Amino acid sequence: MGKTEEIFVSEREKLFDQLACKLETAYNLNRKVVSFQANKEEPIYRWFKYKEGFSSKLVKYFLTEFSSKPGKILDPFAGVGTTLFAGQELGWQSYGIELLPVGTFVMQTRQALNEIDIEKLIEVIKNIWTAISEITDYKKQINHISITKDAFSKETEEYLNKYLSYCSTIKDKYIETILKFAAFTVLEEISYTRKDGQYLRWDFRSKRNLSGKPFDKGKILTFQEALKSKLNQIIQDLSPIQATSLFEQFENINIAKQPVRIIEGSCLEELPKFEDNFFDFIITSPPYCNRYDYTRTYALELVYLGYDYDQVRELRQTMLSCTVENKEKVEYLSQFYTSIGQSEVFEKIIDVYNSSNAMKEVNEILDELNKIGKLNNKNIARMVKNYFLELCFVIYEIARVTKSGGYCVMVNDNVRYGGEEIPVDLILSEFAENFGFNINKIFVLPKGKGNSSQQMGSYGRTEIRKCVYLWQKK
Ligand SMILES: C[S@@+](CC[C@H](N)C(=O)[O-])C[C@H]1O[C@@H](n2cnc3c(N)ncnc32)[C@H](O)[C@@H]1O
């Protein structure tokens with residue numbers, strides 16, 4: 001008889017074994033249903049594609065499947081408000097917190113649509129080009145930051161500034177919002193840039209000094225071409241006949257619409273303001289732990305909305321840590337919880353974070369990989385550590401504000417760095433369990449995705465899980 005070899009089981013594997021019975025491939029929740037693509041036919045979503053969003057189908061599926069009657073719903077990472085407006089259509093009172101002004105502007109526009117006088121809007125649009133051409137004296141409205149400088153041709157830049165000046169003269173605030181929104185949605189089309197993963201990609205025709213293989217984004221529309229076509233689309237979708245058939249598709253006329261409350265700010269600060277057991281349902285998707293920088297992707301939209309360099313930088317730091325630039329917020333969170341008289345809560349959350357052996361293992365391994373230069377950026381370890389730490393605070397708060405028996409649905413992807421898989425689904429579920437949620441299911445989407453093409457090259461095409469978690473408050 002030989003010696004029995006001790007088999008090493010990692011903490012992540014142990015956690016996997018513990019939660020394996022909750023994992024279930026959800027064939028009805030394919031990526032198309034979960035992702036924003038399923039919204040393509042819906043107005044507003046088709047006017048402005050927020051690729052980071054999920055679909056209203058997903059929200060309606062969970063609300064109808066897991067709730068017998070409408071109540072209060074929250075999305076602490078509201079984006080463009082998919083949860084909020086889908087909930088509203090089903091009679092729910094919706095609350096959303098969103099930090100990025102891009103999302104809050106889209107949500108405000110959506111609310112303005114309820115108040116809009118379409119005939120009046122059509123009238124304004126008919127005269128728009130004459131009105132703009134008559135503007136000679138206008139203020140420069142767009143102040144570029146380094147990453148957006150020279151994004152537009154001289155003519156387009158001039159037109160945009162004139163257009164914004166013109167919008168600010170419109171007396172009807174709802175019409176002003178819709179018109180401002182129309183140009184907001186075409187910024188990428190009329191620019192020399194293309195949203196491309198973490199950065200804006202620049203066309204060879206821009207004035208920038210570009211290195212590498214020249215990029216040709218194809219036809220760049222003029223401001224007039226793009227705006228005309230967008231305004232036509234908006235009017236078409238809003239016209240009474242269209243509107244009836246559109247809303248009939250999913251709206252039960254008998255359902256009274258409840259208000260949607262939009263809170264602009266960070267959920268790390270806003271969630272603690274809600275009282276305990278306030279919500280029946282939470283449906284949310286935080287930023288993923290994948291280095292994606294919303295403030296770079298949406299830099300053009302941010303400067304268009306009047307944000308300057310300092311404000312964009314501050315936004316980037318306030319966002320949930322998911323880029324290598326994010327600095328630690330733990331000191332700030334400690335002070336914040338102390339300032340609201342909740343220092344024991346702060347300690348309790350930190351204890352839960354520290355008690356996760358899988359989390360500890362991930363942090364140790366990333367630190368080790370960092371030391372030996374196996375991570376392609378030295379701040380990845382910090383980002384991952386803080387991503388989970390901040391989400392630990394969010395999960396504590398959402399557990400606190402959810403009523404007993406209420407649900408939380410969270411959409412998120414697992415990630416991999418330096419070849420190490422980080423089981424975001426399992427670690428967040430472990431936190432959730434510690435804060436009073438039962439883990440009902442971790443639905444795994446039929447097809448996951450690799451982390452980045454670079455990672456795929458080095459570590460093969462093993463798929464990492466993309467999941468929808470279903471937690472229920474005990
Ligand atoms: C994956 S997206 C959510 C999209 C949303 N489900 C939708 O359908 O539009 C994550 C969102 O979280 C927002 N966010 C990031 N950090 C935040 C914070 N600290 N507080 C509130 N929102 C934040 C981002 O701006 C982004 O819109």
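These legends accompany several close-up views of one protein model.

The model is predicted, so local features need pLDDT of at least 70 and side-chain atom pairs count only at pLDDT 80 or more, while totals for chains, interfaces and linings use all residues. Residues are numbered from 1 along each chain as its sequence is written, and side-chain values use heavy atoms, with hydrogens and water left out.

**Figure 1. The whole protein, with its 21 helices and 12 strands.** Helices (H or I, at least four residues) and strands (E, at least two) are DSSP runs, numbered from the N terminus. The C-alpha trace spans about 90 × 60 × 45 Å along its principal axes. For 474 residues, a compact globule would have a radius of gyration near 23 Å, and the 24 Å of this protein agrees with that. That radius is taken over C-alpha atoms, and the globule rule is 2.2 Å times the number of residues to the power 0.38. Of the 474 residues, 55% count as buried; buried means under 20% relative accessible area, exposed over 50%, and partly exposed in between (1.4 Å probe, protein chains only). If you like contact maps, note that among contacts between residues at least 6 apart in sequence, 76% join residues at least 24 apart, where contact means heavy atoms within 4.5 Å.

**Figure 2. Aromatic pairs, of which the structure holds 34.** Rings of Phe, Tyr and Trp (its six-membered ring) pair if their centres lie within 6.5 Å; planes under 30 degrees apart count as stacked, over 60 as edge-to-face and the rest as tilted. Trp129 and Tyr159 make an edge-to-face pair, 6.3 Å centre to centre with 75 degrees between the planes. This pair links distant parts of the chain, since Trp129 sits in helix H7 (residues 128-133) and Tyr159 in helix H8 (residues 154-168), 30 residues apart. Tyr159 is partly exposed, at a relative accessible area of 21%. A second view shows Tyr292 and Tyr294, whose ring centres are 5.0 Å apart and whose planes stand at 90 degrees, so this pair is edge-to-face. Both Tyr292 and Tyr294 are buried. Elsewhere, ring pairs join Trp47, Phe48, Tyr50, Phe105, Phe181, Phe184, Tyr298 and Tyr304 into a cluster.

**Figure 3. The surroundings of Cys467, a residue of strand S12 (residues 466-473).** Cys467 is buried, with a relative accessible area of 0%. Not counting residues up to four places away in sequence, Cys467 touches Met410, Val411, Asn412, Asp425, Ile442, Phe443 and Val444. For a backbone reference, the C-alpha atoms of Cys467 and Pro446 are 9.3 Å apart, with their positions 21 residues apart along the chain.

**Figure 4. Helix H20 (residues 424-434), largely enclosed by the rest of the structure.** Of its 11 residues, 9 are buried. They are Val424, Asp425, Leu426, Ile427, Leu428, Ser429, Glu430, Phe431 and Ala432. Asp425 is also one of the residues that Cys467 touches. Just after H20 comes Gly436, with a positive phi of about 105 degrees.

**Figure 5. The loop between H7 and H8, home to Gln141 and Asp150.** Gln141 is partly exposed, with a relative accessible area of 28%. Leaving aside neighbours within four places in sequence, Gln141 is in contact with Asn161, Leu164 and Ser165. Gln141 and Gly306 are 165 residues apart in sequence, yet 7.3 Å apart in space, C-alpha to C-alpha. Asp150 has a phi near 65 degrees, a positive value in a residue other than glycine. Asp150 counts as partly exposed at 21% relative accessibility.

**Figure 6. Two further loops, seen at Asn277 and Gly419.** Asn277 lies between helix H12 (267-270) and strand S7 (279-284). Although Asn277 is not a glycine, its phi is positive, at about 50 degrees. The relative accessible area of Asn277 is 42%, which makes this residue partly exposed. Gly419 belongs to the loop between strand S9 (415-417) and strand S10 (420-422). Gly419 is partly exposed too, with a relative accessible area of 30%. The C-alpha atoms of Gly419 and Ile97, 322 residues apart along the chain, are separated by 34 Å.
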